[in-house]
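I opened this notebook page to record what I looked up, beginning with open space and then turning to the packing of side chains.

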Amino acid sequence: MKSTTRRLALIGIMVATSIGLISCSSVHPSQSTAAGCGSGGRACADAAAPIPGRDALALLNSLRVAERAPKTGYSRDEFGPPWTDNVSVPGGGNGCDTRNDILQRDMTDVTFKSGKCIVATGTLADPYTGKTIAFKRGTKSSDDVQIDHVVALSDAWQKGAQQLSAERRRDLANDPLNLQAVDGPTNQSKSDSDAAEWLPPSKGYHCAYLTRQIQVKAAYQLWVTPAEKDAMVRILTACP
């Protein structure tokens with residue numbers, strides 16, 4: 001009975017965070033500036049806030065703990081076309097690709113190349129480094145701001161995503177909960193590392209970063225390695 005009650009409580013946390021942290025509401029398109037999710041008058045709320053450390057630890061303890069599975073069979077194609085709008089997560093089906101949705105959500109002073117989808121310029125307060133980055137679309141400048149998969153797709157593949165349906169993997173790759181606009185070089189340095197191997201340079205963002213990873217892994221039934229869980233526990237025990 002106790003285990004059933006605990007399981008239901010954890011499910012409640014998962015539902016509350018997935019609904020409360022990434023929500024969409026109807027706004028007039030002219031209001032869709034810093035927190036837009038594409039055209040059609042639908043705008044997403046601000047990027048997900050961290051859940052309390054104690055809740056993150058409880059959710060972490062509900063995850064399976066195991067070593068990485070082999071990377072055999074992994075390719076980016078296993079998660080669908082990059083930034084497809086054909087998904088069942090917030091922002092899906094709004095007529096704009098996911099990359100531009102997240103650029104709109106995470107930047108301020110956004111301007112558009114045309115319509116309300118293609119972001120031309122904006123300003124990013126990068127949570128990973130603390131830097132302010134002026135974004136300008138162009139062949140040599142677009143990569144200054146990249147969209148990080150908070151749980152890297154290769155890491156997800158080795159920790160349960162192989163068993164997900166193609167549709168569910170596509171959702172994982174485009175879920176706003178798992179996406180964050182960040183400094184390009186810093187994103188490259190992360191590659192497909194997990195929390196035992198890499199954390200954002202800005203220590204002030206560690207709590208938010210880890211709770212996002214845990215929420216994603218819980219939502220998509222992914223596991224953590226023993227070393228990964230140890231690293232998460234060590235940091236989360238000091239989080240508010």
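I started with the largest pocket and found that strand 6 gives the largest share of its lining, four residues; helices (H or I, at least four residues) and strands (E, at least two) are DSSP runs, numbered from the N terminus. A pocket here is, on a 1 Å grid over the protein atoms alone, an open set of points with protein on both sides within 12 Å along at least five of seven lines, whereas a cavity is a set of points where a 1.4 Å probe fits but cannot get out, and lining residues have an atom within 4 Å of a point.

Before going on I noted that the model is predicted, that local features need pLDDT of at least 70 and side-chain atom pairs pLDDT 80 or more, while totals for chains, interfaces and linings use all residues. Residues are numbered from 1 along each chain as its sequence is written, and side-chain values use heavy atoms, with hydrogens and water left out.

**Pocket and cavity**

I read a volume of about 420 Å³ for the largest pocket, a volume being the space filled by probe spheres set on grid points that are joined across faces, edges and corners. Its lining has 17 residues, of which Gln-146, Ile-147, His-149, Asn-187 and Gln-188 lie nearest the centre; strand 6 (145–149), helix 4 (153–157) and helix 6 (184–190) are the elements that give two or more residues to this lining.

I then searched the whole structure for cavities of 30 Å³ or more and found one. The largest cavity holds about 60 Å³ of space and is lined by 12 residues, with Pro-90, Gly-91, Thr-98, Asp-101 and Asn-174 nearest its centre. Helix 3 (residues 98–106) supplies the largest share of that lining, three residues.

**Core**

I next looked at the largest nonpolar core, meaning a set of buried Ala, Val, Leu, Ile, Met, Phe, Trp, Tyr and Cys residues joined through side-chain atoms within 4.5 Å, where buried is under 20% relative accessible area, exposed over 50% and partly exposed in between (1.4 Å probe, protein chains only). Among its 22 residues, Leu-60, Tyr-128, Tyr-209, Leu-210, Ile-214, Met-232 and Leu-236 touch the most other members. Helix 2 (53–61), helix 7 (206–219) and helix 8 (226–236) each supply at least two residues, and helix 7 gives the most, five.

**Asp-171**

Which buried residue in helix 5 (residues 166–174) did I check for a partner? I checked Asp-171, which is buried yet has no salt bridge, the nearest side chain of opposite charge being Arg-168 at 4.0 Å. A salt bridge requires a side-chain nitrogen of Lys or Arg within 4 Å of a carboxyl oxygen of Asp or Glu; Lys and Arg count as positive, Asp and Glu as negative, and His and the chain ends are not counted.
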